[in-house]
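Open the structure in your viewer and keep the selection panel at hand. We will move from one stop to the next.

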Amino acid sequence: MARVVLGVAGGIAAYKSCELLRRLIGDGHEVRVVPTRAALEFVGAATWAALSGQPVAHAVWSDVHEVPHVRLGQEADLVLVAPATADVLARAAHGLADDLLGNVLLTARCPVVLAPAMHTEMWQHPATVANVATLRSRGVMVIDPAHGRLTGADSGPGRLPEAAELAAVAESVLAGGVPPRDLVGRRVLVSAGGTREMLDPVRFLGNRSSGKQGYAIAAAARDRGAQVTLVAANCALPDPAGVEVVPVLDAAALQAAINARAGQVDVVVMAAAVADYRPAVYSDVKVKKVGGGLPVVELVENPDVLAGLAASRRGPAPLLVGFAAETGDSDADPLTHAWRKFAAKGCDLMVVNVVGDGVAFEVDTNAARILAVDGRQWDVPHGSKRRLAEAVWDAVGAVGGGD
Ligand code: CTP
């Protein structure tokens with residue numbers, strides 16, 4: 001349980017703060033909502049008070065004996081402002097403290113995350129650009145807004161990211177602090193999900209990969225400043241804000257999408273579960289059930305995308321990150337298998353999930369070990385997929401893929 005101050009500024013996206021508040025409460029946190037006066041034009045204080053079970057005030061003149069203008073910021077584990085308007089960014093950058101939220105931002109010693117939402121013109125205005133740069137230089141995490149439909153008919157960058165994404169950022173920052181902006185100017189390619197190898201127009205061989213880990217890796221890279229392309233194989237997930245998403249179906253399409261872009265990027269992270277085999281024959285009409293014996297599906301091998309990238313590299317770029325889910329067996333323990341796979345793939349980093357009854361390591365499936373080609377290893381304790389994503393980017397930085 002952490003103490004979170006949820007600041008809400010006066011933009012239309014203020015309504016989304018209710019969903020975010022529910023998620024933060026659902027994650028077990030104690031949340032105090034601190035709106036600006038303008039935010040109260042969009043959402044009534046009673047809504048946040050009822051959802052949070054905490055009093056809601058925007059001015060410094062309520063409950064003065066409890067000195068909330070100092071105490072709230074001092075005692076918080078995280079201050080998250082969503083949405084943050086251009087006005088709040090400006091006030092935060094200049095240290096103005098004419099309301100409770102301004103005071104909280106000045107007294108907070110904990111991580112501060114601002115999630116801006118505004119019209120594109122305001123986001124791109126030099127004043128806002130300068131304010132965001134100032135805040136980031138002071139260690140504040142300012143999340144880039146999503147592209148998409150804004151209030152009215154216009155669209156562009158300026159939307160508040162979805163509540164689920166913001167809650168994931170909150171968890172990660174609570175666990176590991178504000179991530180560095182070490183991928184500014186870098187281009188990153190991430191694969192996610194699981195391929196489907198079609199037998200006929202309605203049937204396929206597939207796997208249960210949801211794509212959540214790859215999406216978390218893409219979102220974390222974006223928040224560290226990278227330009228991100230996500231090759232997504234059959235993921236039922238909303239597009240991460242500000243990330244180019246390329247949907248693909250099968251291993252062949254995934255390989256084509258990755259190979260077409262790998263030459264222009266600094267890092268490739270292969271988080272997708274790529275099928276090792278596909279049906280030798282694809283029937284373009286639905287295969288009928290026939291009597292007299294069971295059908296046999298002949299398989300042929302798919303190309304290994306990651307190994308192919310490693311083999312065709314003509315220098316250190318792009319840096320290649322592979323994933324491996326391993327169990328132990330009678331032959332070897334999971335980490336021995338992982339080191340063998342790492343060597344066979346020829347990548348620079350390997351993220352190993354030890355799954356099932358690992359003989360050597362009793363670890364949760366969310367926990368991982370990151371192996372570097374120079375022999376270094378990092379243990380990532382049980383935590384969220386976003387937290388593991390940050391650890392992957394930390395490791396990329398450590399082996400020279402960041403700046
Ligand atoms: N991979 C790939 N192309 C394939 C299969 C896997 O690029 N045809 C990548 C995955 O994206 C992952 C890594 O290789 O980053 C390891 O995947 P995994 O399925 O564990 O490896 P395999 O070589 O298929 O080994 P296993 O025999 O354990 O299935």
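Which elements do the buried residues of α1 pack against? This is a predicted model, so to speak in outline, select helix α1, residues 16-26. Its buried residues are Lys16, Ser17, Cys18, Leu20, Leu21 and Leu24. Now add their neighbours. The strands packed against by these buried residues are β1 (3-8), β2 (30-35), β3 (78-84) and β7 (155-159). The helices are α2 (45-52) and α8 (163-176).

Step past the end of α1. Gly28 follows the helix, and its phi is positive, near 95 degrees.

Next, zoom out and colour by domain. Domain 1 covers 3-176, and domain 2 covers 187-399. Their centres, taken over C-alpha atoms, are 35 Å apart. Select the contact between them: domain 1 contributes 10 residues and domain 2 contributes 9 residues.

How much area is buried between domain 1 and domain 2? The value is about 820 Å², with 59% coming from carbon and sulfur atoms. The two domains also share 1 salt bridge.

Now show Arg222 and Glu165 as sticks. These two side chains form a salt bridge. Their closest N and O atoms lie 2.6 Å apart.

For the last stop, turn to the surface. Select Leu205, Tyr277, Val297 and Leu299. Together they make a nonpolar patch with about 350 Å² of accessible area. Tyr277 sits in strand β14, residues 277-279. Why does Tyr277 count as partly exposed? Because its relative accessibility is 46%, and partly exposed runs between the buried limit of 20% and the exposed limit of 50%.

Methods. Residues numbered from 1 in each chain as written. Predicted model: local features only at pLDDT ≥ 70, side-chain atom pairs only at ≥ 80, totals over all residues. Heavy atoms only, no water. Patch = residues over 30% accessible without salt bridge, like charges linked within 9 Å, V, L, I, M, F, W, Y side chains within 5 Å. Areas by Shrake-Rupley, 256 points an atom, 1.4 Å probe, with all protein chains shown as cover. Salt bridge = Lys/Arg side-chain N within 4 Å of Asp/Glu carboxyl O. Helix = DSSP H or I, 4+ residues; strand = E, 2+ residues; numbered from the N terminus. Buried < 20%, exposed > 50% of the residue type's maximum accessible area, 1.4 Å probe, protein only. Domains from an automatic or database assignment. Contact = heavy atoms within 4.5 Å. Buried area = accessible area lost by both parts, 1.4 Å probe.
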